[in-house]
Every structure is written in C-alpha cells, then in structure tokens.
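Got the viewer open? Let's take a walk through this one, one selection at a time.

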Amino acid sequence: MTFPSWLSQLCRGLSRPIRRTTQPIWGSLYRSLVQSSQRRNPEFSSFAVRTNTCGELRSSHLGQEVTLCGWIQYRRQNTFLVLRDFHGLVQVVIPQDESAASVRKILCEAPVESVVQVSGTVISRPAGQENPKMPTGEIEIKVKTAELLNACKKLPFEIKDFMKKTEALRLQYRYLDLRSFQMQYNLRLRSQMVMKMREYLCNLHGFVDIETPTLFKRTPGGAKEFLVPSREPGKFYSLPQSPQQFKQLLMVGGLDRYFQVARCYRDEGSRPDRQPEFTQIDIEMSFVDQTGIQSLIEGLLQYSWPNDKDPVVVPFPTVTFTEALATYGTDKPDTRFGMKIIDISDVFRNTEIGFLQDALSKPHGTVKAICIPEGAEILPVFLNANRNWNSPVASFIMESQRLELIRLMDTQEEDVVLLTAGEHNKACCLLGKLRLECADLLETRGMVLRDPTLFSFLWVVDFPLFLPKEENPRELESAHHPFTAPHPSDIHLLYTEPKKARSQHYDLVLNGNEIGGGSIRIHNAELQRYILATLLKEDVKMLSHLLQALDYGAPPHGGIALGLDRLICLVTGSPSIRDVIAFPKSFRGHDLMSNAPDSIPSEELKPYHIRVSWPTDSKAERAH
C-alpha cells in the first residue's frame, strides 16, 4: 500500500488550505494510518472490477494496463480530469483524437462528482509537468475506454474540506459529507484504533468479545433511558445506558474477562457535547483491583495509539478527587497548563476586609486565588501585580499581606490575581471555571497555553461514594452508580456517616475531558442490598436478578468503559464528537437526513396500547 494521494493533495493545498485548526497535522496523521496498513499489506482491489486504486499508482507501474473506478474530482479545459477514490487522486488524460470521440464525450460531459470507470495505460507525465505535491504526481492515465456509472446532479455543497458548510447542511447530506478528506480520515482512524484495541484485549490478554442485549429493563438512578413499548399493556423495555449489569453477570458466569464495542443510549435532551446513542469500549475483569484496571487501560492506549503521535508514557499520573478540586476546581482537569488554585486563607486571617472576614468565619470557609499570566490585557483588573494595585479592595490590604500574596502567587508584571472567598467546594469550582475561561481569552490573544499536539492523561481517584440529592439534600444518591464498591478503608462509614465514604471509582481524563470511568464493583449481595434499600431507598425488586446472582458465588470484579467517540474526537483534533461518528444526531437529538424521530399513525400504536397526548401548544401548531 502507498500513501493516499488525494488525502495528501487536499492536505497540502491542491487548491487551498484546510481550516487552520487542523491543517498542520493531517499529513503526518494519515502517514500513520498508511504505515500501519502497509504492515498488513491489504488488497484494496480484491473482489472488485478495478485493477488498482487511484492513489496507489507510481512510476513503477509505467506501461501497465489498469482499470480504475472513482469520482470526478475536477476537470480542466477538457484535456484532463482528476479521478478520486478512497485511496487517493490520479490524473486522467482525456483523449483528443477523433477515434476516441465517445470516450471524450463521456469524460467531458459527466458532471463533477459523477462516478466513472476508466481503463488505460499508466504513462509518465510530460517533463516539467510533474506534481510533487501528489504522490501520483509523476504519472497519469492514458485512457482507452470509459464508462459513466452514475451521473451526479447539482450538489448542495462542494466536496472540499476548505468549503465552509453549516453543520445542519452537513448532517442533512451526510452521505456527501462522508466523501470529504476529514470524515474519511476520522472514520478510518477510528476503525484502526478499534481493531488494535481488539488485538490487545482479545489476542494478547484473553478477553472475550460478547454482545449484550439492547432491549432491557429500567435501571434505578443514573441517566434517563429511552423506553421501547411492548405488546403487553403498560410494559416497556429500556435501552441500556451501558451494559453494566450484564457485564457483572458475565463475571458471575465465570467468563473472567469481557470486552465489547458497546452501543449505549441516554435520553439526555439537548446537549451540544453529547449524543443520544454513543459507543463505549466496555471492559470487565474478575479477580482484579483498581491498579490492575488502570495498568490494563494504559497498555491498551499505548498499543492502539497512532504511530505519528508521541508515544503514550505510562503510568499516567494520579490525583484524588479532593486534590483535583482543590488545585484545578474540577474533577476533570486539563493539566497541559498551570494557573493552579492557591489557598491564601492564612494571608487574610486578620484582614479587615468584610467579605473575607465573613467567609473565613464560616465552616469550610476559605479564600482561594489563581494567577492569570499577562491577564491585565484581557480582564478588568482585580489585583494587578504591578505596584499600584488598581483594585477596589487594594487600599484595605496591608503591605505584609501584599508581599505574602505576591510570594505565594509568584506574580509577575502584568499578571492578574483572581480571588474568591466562600465555602471550599464552591470557591474552587468558581475558580476552576474562570481558569478555563481565562485560558480561552489568552489563547484568542495568541498565547499558547494548551498545546494541541500534547496529550495529557490523568487518573482521578477516591471519589465520594454518595452525593446529596439536589431536590432533597437529606437523601443520598450514587455519585456514579449503585454498584460501585466503597473504599476498603471507609466501609465502616456506611453505617455511621455514609456521606463521608469514598468509592473505588476512577476516571480517566485527557486534556480536560473525561474519556473513561469505572470502578471495582460490589460483589457481596448483603452489602449491595444494604446500599440499595437502606442508603439509596431504591426498590430492590428491580434488581432482584442481580442480587440473586451475587448470592451464588460472585467473584470480586471491576471494570471500566472508555468513551470511544470522545477519545477519537480528541485524537483527531475534531471540534465535535459528531465529526467522528458516521451518522450522528444533531445536538437536539434529531437525524436531519431522515427526519427521525418521526410521528407514527395512531393505527400502528394500537398494538402497543399507546395513545399520544398532544400538548396544548402543539395542537395549535398542528392546526396551522
């Protein structure tokens, strides 16, 4: 296999550059895919009517008779055209002699993006007309026969990456958008990374690839689930938000090591960064601890990582949930840049500033700050590092406090200090959001804080096992899901102070995005029943099958799920997960190509004993 020429040509500027955010990395990224494929020596033309792909032809093929199939990329002066397939581009010479009038007519009259089949001879380009930007730039095809396989009507947009198109238009005509270089690259990289993951898990470490059901029953807690009506009155299936229960049951069944590229479903409404259906690399193991799961995932990512990237360095650093919140103001910190949160409470223990006094006098009260490098240019100044300190509260800060603050924050000229006071968690979360907002502002001014070529992995551990319910803070809900095992050191707290109990949950974070989460599970039926019934006040009858299974010799087990869509999005540098999914939904959960979801005639709903109750405003809309 050779380097895909149409990808290279589009990348390097056959016509004009790709958008700025992705242009510098496409060429090297695709070289990684090609090198990986070269080792396997795939036969791209096996079983097909073509003899070769457009992108594989080189000077070594001179004199060979070939048959090519593809799309007309463009045509110039009716003397030659560029033919494109998934593999690349090749120049085709349109014959000018009278004896080839029929061939000339087909190739000159076929609209751009029409599908054609051509046969001819590989020849050298005339001296001086070689194109070093094209991998096939030394040769061209002297056509003998041509067939129009399908003519293309006027397109809603040009199949060129540099042409700006609204996302709605791209989703409406997704089958056309898929022809673009960027979508071809994204989906092929996704395929290769998944294949490498399968090799690592199944071939190297004995995992079993098992499909689990899509039609299941409602699960207590967690995200909202899609309902599927059955023909039994009042009974519904649910689409699983993850194969959580099934993979635990597989461990009870003695499968030992389970893996699945799992389709999952969550009815979360309008979320720009989410999809109602998404894909997880789902994993479960028996007789394993947290360290074992983390080592497995680090090795998995090392093995499947694209070759052109810097190698993944393991082990990944680890921070506790408490440390992450205190230092970065979030449980999924972007560690590619600093601007860490600093506790400056001691500086202001004896302050005369009222709001600081008030905050520090309350339980868990604190004063926190972050330093924004060169922030004076982007922010209204609160505490500027220069001597004047043109801030509303500056006159109330004593000289000793000012010097100590400068020392703690390590401020430089033109830096800005953002300070907040209040309850610890709220103060940290506020500064965590400001940290990211300020990073965005600084980068719009040209400062490079988050290197797009750097991949900063981080494990976050020791999450709380429970959180207070928003609607009723006196009641508890699972911080993740009710099957997460408590931290071994905190089991006694379940019976005295459950709010303080930590879990054996762990998240994998990449560049400020959660790309995976998992836990060691509860394998003791009595403990699982106590947490469900007593602490979470859930109806245990809904999980009677799982509780029964745990009573029949369930092994200790744990697992994790990696968000494949989010991972590939970050690896490719795509702006949205919709750019790494072949047929995604819009941010409102609609399929703009087929107009799903769609209404169903009332007659077709009768077997399911369902009748639609239209909201009042919808009736008015339908009347018009």
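## First stop: a strand pair

Start by selecting Trp459, which stands opposite Leu508 in strand 19. Keep this in mind as you go: the model is a predicted one. Now widen the selection to residues 457–461, strand 16, and residues 505–510, strand 19: the two pair in the antiparallel sense over 5 bridges. Zoom out and you'll find an open sheet of 8 strands, in the order 6-9-10-21-20-19-16-11, with mixed pairing. Its edge strands are strand 6 (208–209) and strand 11 (318–320), each pairing on one side only.

## Next: strand 13

Select 365–372, which is strand 13. Here 8 of its 8 residues are buried. Show the side chains: Gly365, Val367, Ala369 and Cys371 point one way, while Thr366, Lys368, Ile370 and Ile372 point the other way.

What does strand 13 pair with over 8 bridges? Select residues 416–423: that is strand 15, running in the antiparallel sense. Ile370 stands opposite Leu418 there. Strand 12, residues 342–343, is also antiparallel to strand 13, joined to it by 2 bridges. Pick Asp343 and you'll see its bridge partner, Lys368.

Step off strand 13 into the loop that leads to strand 14 (383–384), and you can click on Glu374. At 43% relative accessibility, Glu374 counts as partly exposed. Add Glu377, Glu413 and Glu414 to the selection, and you have a negative surface patch.

## Then: salt bridges

Side chains of opposite charge can pair when their charged atoms come close. How many salt bridges does the structure hold? There are 33, so let's sample a few.

- Select Glu113 and Arg179: their side chains meet at 2.7 Å, N to O. Glu113 sits in the loop between helix 3 and strand 4, and Arg179 in the loop between helix 5 and helix 6, so the pair ties together parts that are 66 residues apart in sequence. Glu113 counts as buried, at 4% relative accessibility.
- Move to helix 11 (residues 399–409), where Arg402 and Glu399 lie 3 residues apart, about one turn of the helix. Their salt bridge is 2.9 Å, N to O. Arg402 counts as buried at 18%, whereas Glu399, at 46%, is partly exposed.
- Try Arg502 and Asp490, in a salt bridge at 2.8 Å, N to O. Both are in the loop between strand 18 and strand 19, 12 residues apart. Asp490 is buried, at 7%, and Arg502 is partly exposed, at 29%.

For a last stop, select Arg170, Arg174, Asp177 and Asp579, which are linked in a network of salt bridges.

Notes
Residues are numbered from 1 along each chain as its sequence is written. This is a predicted model: local features need pLDDT of at least 70, side-chain atom pairs count only at pLDDT 80 or more; totals for chains, interfaces and linings use all residues. Side-chain values use heavy atoms; hydrogens and water are left out. Patches are made of residues with over 30% relative accessible area and no salt bridge: like charges are joined within 9 Å, nonpolar side chains (Val, Leu, Ile, Met, Phe, Trp, Tyr) within 5 Å. Accessible areas come from the Shrake-Rupley method with a 1.4 Å probe; for residues, only the protein chains shown count as cover. A salt bridge is a side-chain nitrogen of Lys or Arg within 4 Å of a carboxyl oxygen of Asp or Glu. Lys and Arg count as positive and Asp and Glu as negative; His and the chain ends are not counted. The place of a charge is taken as NZ of Lys, CZ of Arg, CG of Asp or CD of Glu. Helices (H or I, at least four residues) and strands (E, at least two) are DSSP runs, numbered from the N terminus. Buried means under 20% relative accessible area, exposed over 50%, partly exposed in between (1.4 Å probe, protein chains only). Two strands pair if DSSP finds at least two bridges between them.
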